[in-house]
Every structure is written in C-alpha cells, then in structure tokens.
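Hi,

Here is the structure I promised to pass on. Have a look at it first, and my notes follow underneath.

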Amino acid sequence: MAIIWKEEYSLGIEGIDNQHKKFIAILSSLSKALSERREKDIIADILLDLQEYAEMHLAFEEKYFEKFHYENEEEHNKEHRYYRWKIQEFIDRHKAEDQLLSIEMLHFLEDWLEEHIMKSDKKYVECFRRNGIK
Ligand SMILES: [Fe+2]
Ligand SMILES: [Fe+2]
C-alpha cells in the first residue's frame with residue numbers, strides 16, 4: 001500500500017504541514033523500497049533524511065514551544081528525544097548490518113505518524129494559533 005499525504009494528517013498550519021509532508025515522503029520511500037526488495041540500496045540515505053528531519057522539524061517545533069510557553073512542552077519534547085535516540089540506534093545497527101532493521105524502521109515511522117504527528121502534534125495547534133502562527 002502506497003503511503004501518501006492525507007488531509008487527516010493536516011494540522012491546518014501550512015508551514016508545519018509542509019515539514020510533515022517531508023516525513024511522509026521519507027516513510028513512503030522506505031515502504032516502497034521494502035515492497036520492491038531494494039531497501040539495502042536506500043537505507044543509508046533514509047537514515048540521513050530522518051536525522052535531518054529531526055534537526056529541521058523537531059527543533060522547529062521545540063523553538064516555538066519555548067517561545068509560546070506551550071503547556072505540554074516537556075511531555076512533547078520527551079517524545080522528540082525518543083525519536084532522536086531511536087534514529088541513532090538505527091544508525092548504529094545499520095553499521096552492524098542488522099538484517100531486520102528496515103522493516104523495524106518502517107514500523108517505527110508508521111507508529112510515529114499515528115501516535116506523534118496525529119496525536120501529540122495536534123495538541124499544540126491551539127497554542128500556536130493563539131500565538132499567531134498560521
Ligand atoms: Fe511534528
Ligand atoms: Fe512533534
């Protein structure tokens with residue numbers, strides 16, 4: 001099944017939706033590569049993209065949480081720390097040539113979309129809007 005952007009993923013904040021679209025694109029390319037059994041060719045690039053996503057997007061959200069004194073800042077950043085830790089773990093395992101890595105990565109990313117982007121991220125929308133972010 002192809003993973004594509006759906007309206008239900010939208011937070012209604014264009015700049016953030018565009019960053020989340022980047023995440024969906026990474027998830028989608030891993031899923032596609034796995035179904036075509038060519039994940040070994042792209043996994044190093046995927047890991048780099050996932051790291052870059054953290055530096056770009058997670059840091060972006062965190063900057064605003066601090067600026068707006070977002071009430072769930074601590075809880076939310078804890079999930080971001082888990083993401084960063086997990087990606088680092090995947091990188092280490094990639095170096096060790098762990099065979100189950102790509103399928104486990106796919107599950108982690110699907111879970112991140114459902115549990116983080118669609119739940120935790122949606123919780124800050126009201127706070128961001130109150131502070132003028134559209
Ligand atoms: Fe996010
Ligand atoms: Fe987030």
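Below is what I found, starting with the overall fold and then moving to one pair of helices.

First, a caveat: this is a predicted model. The protein has five helices and zero strands, so reading along the sequence just gives α-α-α-α-α. For its 134 residues the globule rule gives 14 Å, and the radius of gyration comes out close to that at 15 Å, so the protein is as compact as a globular protein of that length. If you want a feel for its dimensions, the C-alpha trace spans about 45 × 30 × 20 Å along the principal axes.

Two more overall numbers: buried residues make up 14% of the 134. Of the contacts with a separation of 6 or more, 71% are between residues 24 or more positions apart.

Now for the helix pair. Helix α1 covers residues 14–35 and helix α4 covers residues 101–123. Their axes are 10 Å apart, and the two pack at an angle of about 150°. Since angles over 145 degrees count as roughly antiparallel, that makes α1 roughly antiparallel to α4. Their crossing is left-handed.

Which residues meet there? From α1 you have His 20, Phe 23, Leu 27, Leu 30, Ser 31 and Leu 34. On the α4 side they meet Ser 102, Ile 103, Met 105, Leu 106, Leu 109, Glu 110, Leu 113 and Ile 117. Sorted by type, the residues of this contact are 10 nonpolar, three polar and one charged.

Cheers

Notes. Residues are numbered from 1 along each chain as its sequence is written. Chains are lettered from A and ligands numbered from 1 in the order in which they are written. This is a predicted model: local features need pLDDT of at least 70, side-chain atom pairs count only at pLDDT 80 or more; totals for chains, interfaces and linings use all residues. Axes are lines fitted to C-alpha atoms, for helices over the stretch in contact, and angles run from 0 to 180 degrees between N-to-C directions. Helices (H or I, at least four residues) and strands (E, at least two) are DSSP runs, numbered from the N terminus. Angles under 35 degrees count as roughly parallel, over 145 as roughly antiparallel, 65 to 115 as roughly perpendicular and the rest as oblique. A crossing is left-handed if the near helix is turned anticlockwise from the far one by less than a right angle, and right-handed if clockwise. Two residues are in contact if their C-beta atoms, placed from the backbone, lie within 7 Å. Ala, Val, Leu, Ile, Met, Phe, Trp, Tyr, Cys and Pro count as nonpolar, Asp, Glu, Lys and Arg as charged, and the others, Gly among them, as polar. The radius of gyration is taken over C-alpha atoms; the globule rule is 2.2 Å times the number of residues to the power 0.38. A residue is buried if 20 or more other C-beta atoms lie within 10 Å of its own, exposed if 12 or fewer, and partly exposed in between; C-beta atoms are placed from the backbone.
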